[in-house]
Every structure is written in C-alpha cells, then in structure tokens.
Amino acid sequence: MAGAGGGGCPAGNDFQWCFSQVKGAVDEDVAEADIISTVEFNYSGDLLATGDKGGRVVIFQREQENKIRPHSRGEYNVYSTFQSHEPEFDYLKSLEIEEKINKIRWLPQQNAAHFLLSTNDDLRINLWHLEITDRSFNIVDIKPANMEELTEVITAAEFHPHQCNVLVYSSSKGTIRLCDMRSSALCDRHSKFFEEPEDPSSRSFFSEIISSISDVKFSHSGRYMMTRDYLSVKVWDLNMESRPVETHQVHEYLRSKLCSLYENDCIFDKFECCWNGSDSAVMTGSYNNFFRMFDRSTRRDVTLEASRESSKPRASLKPRKVCAGGKRKKDEISVDSLDFNKKILHTAWHPVDNVIAVAATNNLYIFQDKAN
Amino acid sequence: MEVQKEAQRIMTLSVWKMYHSRMQRGGLRLHRSLQLSLVMRSARELYLSAKVEAQEPEVPLPPSESPDPRLHPRREAETAAEAAPPDGEQPSPEPMDTQEEAPGAEETPGRVARPPAKVSRKRRSSSLSDGGDAGLVPSKKARLEEEEEKEASSEVPDRLQPPPTQAEGAFPNLARVLQRRFSGLLNCSPAAPPTPPPACEAVPACRPADSMLNVLVRAVVAF
C-alpha cells in the first residue's frame, strides 16, 4: 500500500477509480442529524474522520496487512465515534446554537504545533493556544464600527502548510487576503490581496452570491492556493495577486439556471475542494452526487458519480457527462434531470495515495485507484 | 416591463427568504442575510431604474442609499446584456431566462425540489458505522424529541422574534424602502413565492400578530 502512485502522477482520466467502500444507511428518508458536514484525512492518511450535523464524529482507521483477512487490507473501518457537540441555547440572544460539526482538522504529530485557527465567526479570526482554553488571540477583525457598512464576511481561512506565521482568509466578495502575523499582531492589513477582475458580460442579480468563496486550500507545496466559488475552482500562485493561474469550470451549465437555484436555495451551497498529494490534481463536488477531478498538467477533467448502483466491490467508475444543450447523447444526463438534492459538498484526498473519500448526504464513499 | 416584473419577483422572493431564515435553527445567518440583501438591492435598483425608464412618477431616493458605486455600472451592464447577448449559444442573461416561467410557478429544472420544510433531525439507529459496530454509536434521546415537539407547536417564531426596533441596524435604508415601496406588493403580490412553510404563518402566541411587512422589515434589521 505504499504511496508510489501518489507522487508526480496525474490523476483524472489516467487512473481507474474504483469503488472501495460506502458507509452509512441506505434509507431514502435521511435524518438531518446524519448528514455529513465534514471529511478529513489525517496527515498519514491512516485515519479518516467525518463529522455530521448531529454533532457526532466518526473516525475510521485503515486496515493494515492482515494475513487472516487479506481482503480487508486498505479498508477503512470504524475506529472510534463520539458525540463532539451538543446543541446549546444562548439565553441572552434567544438563539439555538446548532451542534453541526463544521470542520475537523487533525493536529500534526511530528512537531509540537499547539495552535489552531477557528473561524466560526463571520467577522473575526481567533488564534487559540491549545493549552489555554479561556481566551484566544484575535488576529483578524473585519467587523465595521457601524454594521450598516457591512459589505463582506469571512468565509474560510487556512494556515500556510510550511510558514506558520502566514494565513489566508477568503471573503464573500470573492477576494482572498494573505496575512503575515509577524508584521503585526492584528492582521487587519493584508500582505497580499488576491482578486480577479469581474467579467461585466456575465453580470446578473446573483453575481455577488456566486463569486463568494466557499473554500480555500493551500497546495501541499505551499506555492499555490485553490479557491472554490459556486461555479468554478481557481488556482492562484501566491506570487501573483491580479488573477488566478488556472480556472476550472465545475458546472458552467448552471449559469443559466441561477434564478431557479436561488429559488430552491441551492445557490447558497458551500462546496469544498481538495488537492491530491502531489498537487497535480484537484477535486470538488457538484450535484446529482457528481464530483469532478481536474488534472492540472494535462488540463483534462472527469466527472464521476457516487451512487449505490455503481457500488460493486472494485467496480470501475464510469465517467459521466452532462448535456448542457442540444441533442443528448446516450449515457449523457441533461441539466434538467439533475437531482439538486443530491449534492457533494465535502471531499477529501489521501495525502499520499490515490484514495478519495466523498460525502454524499449521509453516506461516505471511498474510492481508490485500481493500481492500489 | 418584463424586467420590472422579474425584479419585483426576485425582491419578493428575497424578502420572503429573509423572513423564513429567522425560523431556522440558530436564527439568522449573517452571511446568508448579507447575500439576500445584496440580491434585494440589485433587484430594487433594476426595478426602480425600469420604472424611471417607463416614465412613471418616482419618489426621490434618499442620498445615503446605495453607497456602493458598483451598483450603478452594473445597471448599464445588465441593460446591455439584455439588449444584445454576445453569442447566440451562450445562456441568456438572468432576467430573460426566467421569462419562460409563469410568475409564481413552481417550474424548476428537473427534479429541483424545495428543501423540505420539516425534516426529521432524529438520527437513525445506525449510520456510518457498520452493523458490527452498532454498540459504538452514541444515541440521542430526550433532547431531540423535546426539540421536535417544540417545533411542532410553532414556538420557535416567538423565541426568535427580535425586539421591536425598526429603522436601525445593518440595512436601515433598505428597510425604509421596503416599508415605503412594497407594502402593497407584499400584501397582495401575484408573484408570491410558492407554498411558504406553515411555520411562517403561525400566529405568535404572546402578542397580536404583526403585519407581514413589519415582521419582514424587522428581519432585515434584526442584526
């Protein structure tokens, strides 16, 4: 199970993605508490954690070589599960605080890193020392003195993988700010500001909503970062602030459907994205339980589906295609037939191997490359 | 005229969404409310500019409204986009696209469905764990059941009602516009959103019901 396949090799069409496992109930009637809200591999890839809307965390562990059960090698099985959060009630504001797990981040074990970022607040980023639980450092605060002047909120943030003083945060306006904590304690002034000029020809009522960044992820190398907005994935070179170096269209056929997607609230869906171990490919989810992979070197992309129907052991996933207009070919699916209730918001890629975890509502699908 | 109708429809839809978002667990979300207000603002701008073009009498806008300069270039860009789509194969600009739909109709692409108003949050007995690991699954019992009963009796709207202050808060100008311009619209709009969930129409138990408009305006200024 060594990670030979993960280094330097492109993903997407060059690999045969095969079904490996699926976790979760088969019921059509899904309980909201069981909807998966986050998926994360640990640094070695031996542990895989999910969090759900009911506040529960489930940790899967990869099986090692086992002479007694050779077929189970590489399988992820439940290692532990616990109730992480319970619903709380804020009596002062008469608000119920939901217990949904927003994010899971594994601590690196090889060094003595003691810090983590929390960005549950829309307007502030706080830095916590893990041994000091009653207070934190506020490092970014974009709350205006007068809330009438509020124009944007923080949507995602991440530390640089190698430079512990550097972090980025994205905004609802489609901008990314890179901050250096060495330059000042309060990072309200950014070191770098990333924004792509808007295309005036594509302006609509919903331009601001679809430009909002739902996820930001550094590449493993630390040289690039990737952002996800509603219709696309963009790769940015940290040395160039004026525009992304790559833009990958996830589901451009939805651009003409934005009004309908606004009506059914799908336009507010927050998709995540992830890099493969070698940074040669990126992945993100879409609707109809489709997920997309983009090979950065060959510029090829593929659409795959997480479904029970194609969940035979080691069955290869067949690429899917959406027909955006014109005559629909065989095996293509038309835009109007897409199921917008089946959305893949959370995906994770093993840090070394070509193994991916895809959360489809209340099910967790694990796929791996045939070579594995 | 069609543009004006579409803008009006989107405004109504946005206000209804703002109101409905107060009913959800956790109350108003700042990001969602901001996005809704941006759409409302865009629709309002288009609606008002369409009225000006139709040479209808208009109440002058307060000078402090629409401070965002991007709104004005956008109006021109939208007009240009509607007049001449650059490429026949490209999807139509948004307002034109929705003209095919009857106002208030439920037409949505394929199986697009509204999110269900009431979804059972109660967890199934086994979820991600395999059958053999059922003993590790933590169970949620009394607390969830109490919450479901509370929701069923529609007490949630009461708890989430903000204090009755108006015209101050995040978007006071927008609130004033809503009161002034859309009171008739909201009370008897033909383009009302389809089938709002019953919880939105539950009468508060503690005090006399407010008019829809007042509640909606408070929703905008709540935070």
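Is A:Arg299 buried, partly exposed or exposed? In this predicted model, A:Arg299 has a relative accessible area of 48%, so this residue counts as partly exposed. A good place to begin exploring is the loop that holds A:Arg299, between S21 and strand S22 (301-305) of chain A. The two strands run antiparallel and are joined by five bridges. Together they form a hairpin with five residues between the strands, and within this hairpin A:Arg299 takes a positive phi near 60°. Such a positive value is found here in a residue other than glycine. Elsewhere in the hairpin, A:Phe290 stands opposite A:Glu305, a residue of S22(A). Strand S22(A) itself is largely enclosed by the rest of the structure, because four of its five residues are buried.

A second residue with a positive phi is found on the other side of S21. A:Asn288 sits in the loop between strand S20 (281-285) and strand S21 (290-295) of chain A. Its phi is also near 60°, again in a residue other than glycine. The surroundings of A:Asn288 can be read from its relative accessible area of 7%, which means that the residue is buried.

A:Arg299 also appears in the neighbourhood of A:Glu246, a residue of strand S18 (residues 246-249) of chain A. Leaving aside residues up to four places away in sequence, A:Glu246 touches A:Val233, A:Lys234, A:Val235, A:Arg296 and A:Arg299. The side chain of A:Glu246 is also joined to that of A:His248 by a polar contact of 3.0 Å. With a relative accessibility of 11%, A:Glu246 falls under the 20% limit and therefore counts as buried.

Attention now turns to the aromatic rings. Over all chains, the structure holds 13 aromatic pairs. One of them is formed by A:Phe206 and A:Tyr262, whose ring centres are 4.9 Å apart and whose planes meet at 40°, making the pair tilted. A:Phe206 lies in the loop between strand S14 (192-194) and helix H1 (207-211) of chain A, while A:Tyr262 belongs to helix H2 (residues 258-263) of chain A, so the pair ties together parts that are 56 residues apart in sequence. Both partners are hidden from the surroundings: A:Phe206 counts as buried at 0% relative accessibility, and A:Tyr262 is buried with a relative accessible area of 0%. Ring pairs also build a cluster in chain A, linking A:Phe19, A:Phe291, A:Tyr365 and A:Phe367.

What lies over the face of A:Tyr262? The answer brings in the other chain: B:Lys17 is placed over this ring face, at 5.4 Å from the ring centre. A further arrangement of this kind involves B:Arg32, which lies over the face of A:Phe268 at 3.9 Å from the ring centre.

Chain B also offers a helix to look at. Helix H1 of chain B covers residues 2-21 and has 20 residues. From its first C-alpha to its last, H1(B) reaches 28 Å, close to the 28 Å expected at 1.5 Å a residue. The helix is mostly covered, with 16 of its 20 residues buried.

Conventions. Residues are numbered from 1 along each chain as its sequence is written. Chains are lettered from A and ligands numbered from 1 in the order in which they are written. This is a predicted model: local features need pLDDT of at least 70, side-chain atom pairs count only at pLDDT 80 or more; totals for chains, interfaces and linings use all residues. Side-chain values use heavy atoms; hydrogens and water are left out. The expected span of a helix is 1.5 Å times one less than its number of residues. Buried means under 20% relative accessible area, exposed over 50%, partly exposed in between (1.4 Å probe, protein chains only). Rings of Phe, Tyr and Trp (its six-membered ring) pair if their centres lie within 6.5 Å; planes under 30 degrees apart count as stacked, over 60 as edge-to-face and the rest as tilted. A charge sits over a ring if NZ of Lys or CZ of Arg is within 6 Å of the ring centre and within 35 degrees of the ring normal. A polar contact is a pair of N or O atoms within 3.5 Å; within protein, one must be able to donate a hydrogen and the other to accept it, and residues adjacent in sequence count only if both atoms are side-chain atoms. Contact means heavy atoms within 4.5 Å. Two strands pair if DSSP finds at least two bridges between them.
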